[in-house]
Amino acid sequence: MPDNDKSSDDKKDYGIGVPMKQHGFFLKGSAHLGWGVKNRLAQIFNPKSGRTVMLAFDHGYIMGPTTGLERIDLVVPPLIKHIDCLMCTRGALRTCIDPTVHKPVVLRSSTGATVLRDLSNEVIGVTLAEACAMNAAAVTTQVCIGADYEKETLANISYLINEGAKYGMPVLGVTAVGKEMARDARYFSLACRVIAELGAHFVKTYYCEPGFDEVVASCPIPIVIAGGKKLPELDALKMAWKAIDQGACGVDMGRNIFAADDPIAMAQAVGAVVHKHESPEKAFDMYNTLKNKKSEK
Ligand code: 5RP
């Protein structure tokens, strides 16, 4: 009924002279993405710090009951409030995580291999419709550059990127490293750059030295680091600090959190390093203080 509105014409405020704000976007290489992808990425990465602490607990899909993660239902729920994002399989999510949680989920979407066989021989096992039904904030698969099934893993991520584009679903590419590959800057620069150029939205790789800053510089999308094998807590914090210092946008850490002496304290200490760039020594003090407080109770 447009006519009925005439009487209030003189009360309207068009903000004449106030230019409409042009919104940029805080993540590297993401300015030209669509609203839905950006909204999902902004759930994963904290828009204030531009960083994220993702908790990876997808290990069971290839390794079975990993040390520290024998009982997902007991280990993961108490960590959730201390991290920014969950990275897991749909089975773990459905069975062990309360659907009332308000944390974004990056859904592991590949399958086809276990530690008993060639880990690069994977296919995509989760449809994008299923990922949307599970309210995923992103989907992920690994890319095995230089492995026997390199081509198949590149096809897997391309499939997720193409299908994800229909739903505004970001894709995390994981750089998997075969036993025979050198874990150096040259290899990770290659793998991260390939993943970015195929159209993934962020990439997970390993910290390496020297040259991690070059891996970051040559990758036009945000990088998060995996924790890798369990390290002493101070060493894991040092690794996270160096990665952030050289331009990583966060961690997607599993064993170094859930297999720590005190996983809850470690999640908070990692958070301080990632979001506040707290020194590893101070974060380790924080870890010990939190750990000791608990043991006093
Ligand atoms: C394997 C993965 C794992 O999630 C990854 O290894 C992270 O866990 P961790 O910090 O324990 O290494 O993506 O492809």
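**Exposure, backbone angles and ligand shell in a predicted model**

Modeller: In this predicted model, H277 has 13 other C-beta atoms within 10 Å and is partly exposed.

Biologist: Why is H277 called partly exposed?

Modeller: A residue is exposed at 12 or fewer such atoms and buried at 20 or more. The value for H277 is 13, so H277 is partly exposed.

Biologist: What makes N135 count as exposed?

Modeller: N135 has 12 C-beta neighbours inside 10 Å. Exposed means 12 or fewer, so N135 counts as exposed.

Biologist: What is notable about phi in N135 and in H277?

Modeller: Phi of N135 is positive, about 60°, although N135 is not a glycine. H277 is also a residue other than glycine, and its phi is positive, near 50°. Most residues other than glycine have a negative phi. N135 lies in the loop between α5 (128-133) and β6 (138-143), while H277 lies in the loop between α11 (263-276) and α12 (280-296).

Biologist: Why is the peptide bond from E209 to P210 called cis?

Modeller: Its omega is near 0°. Most peptide bonds are trans. P210 belongs to the loop between β8 (202-205) and α8 (212-217).

Biologist: Which residues come nearest to the ligand?

Modeller: Of the 14 residues around the ligand, these are A56, A226, G227, G254 and R255. β10 (250-253) and α10 (255-258) each supply at least two residues of the shell.

Biologist: How is the shell around the ligand divided by residue class?

Modeller: The shell has 6 nonpolar, 5 polar and 3 charged residues. Gly counts as polar, so G227 and G254 fall in the polar class.

Terms used:
Residues numbered from 1 in each chain as written. Predicted model: local features only at pLDDT ≥ 70, side-chain atom pairs only at ≥ 80, totals over all residues. Helix = DSSP H or I, 4+ residues; strand = E, 2+ residues; numbered from the N terminus. Near = placed C-beta within 6 Å.
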